[in-house]
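Me: I've got a model open and a few labels I'd like to see justified. Can you take me through them?

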Amino acid sequence: MAKQKIVVRVTMESDKKSRKALRIAVGLDGVESASFVGSDQIAVTGEGIDSVKLATLLRKGVGYTELVTVGNVEEKKPETKPAEVTWQINPYDFYYNSYGMPSYYVY
């Protein structure tokens, strides 16, 4: 399955309700992360999340709940640049053995 991102608008009048809403959202199966978006929205990401079940549990526990968006998360793939081939030639690595010893060095 692909990763999903669900944004839910919940009426949260106090900090107690906002903590409770976040606790309910994180408690579902398949949820990887949950965070606040603005003052009255919660974004939930994960795999195989039932959006209707999330909304129902939030309605029962906190109050008015509305599904804003349900969609797939686009994964960013790192751009790979082709490897640049660099050649480094060291002139001192070449040996000239085929020329032999000069005649004036022979004893």
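**Strands, helices and their labels**

Reply: Sure. Let's start in the sheet pairing: Val7 has Ala43 in strand 3 as its bridge partner. Bear in mind that this is a predicted model.

Me: What makes strand 1 and strand 3 a pair?

Reply: Pairing takes at least two bridges. Strand 1 (residues 3–10) and strand 3 (residues 41–47) are joined by seven bridges and run antiparallel, so they count as paired.

Me: How do you know that strand 1 pairs with strand 4?

Reply: By that rule of at least two bridges. Seven bridges join strand 1 to strand 4 (residues 65–72), again antiparallel. Ile6, for one, has Val70 in strand 4 as its bridge partner.

Me: On to the helices. Why is helix 1 called roughly antiparallel to helix 2?

Reply: Helix 1 (residues 15–26) packs on helix 2 (residues 51–61) at about 150°, with the axes 10 Å apart. Angles over 145 degrees count as roughly antiparallel, so helix 1 gets that label relative to helix 2. The crossing is right-handed.

Me: Which residues meet there, and what makes one of them polar?

Reply: From helix 1 come Lys20, Ala21, Ile24 and Ala25, and they meet Leu54, Leu57, Leu58 and Gly61 of helix 2. The classes come out as six nonpolar, one polar and one charged. Gly counts as polar and Lys as charged, so Gly61 is the polar one and Lys20 the charged one.

Me: And what is the order of elements along the chain?

Reply: From the N terminus, β-α-β-β-α-β, with two helices and four strands in the chain.

Technical notes: Residues numbered from 1 in each chain as written. Predicted model: local features only at pLDDT ≥ 70, side-chain atom pairs only at ≥ 80, totals over all residues. Heavy atoms only, no water. Axes fitted to C-alpha atoms, helices over the stretch in contact; angles between N-to-C directions. Parallel < 35°, antiparallel > 145°, perpendicular 65-115°, else oblique. Left-handed = near helix turned anticlockwise from the far one by under 90°. Contact = heavy atoms within 4.5 Å.
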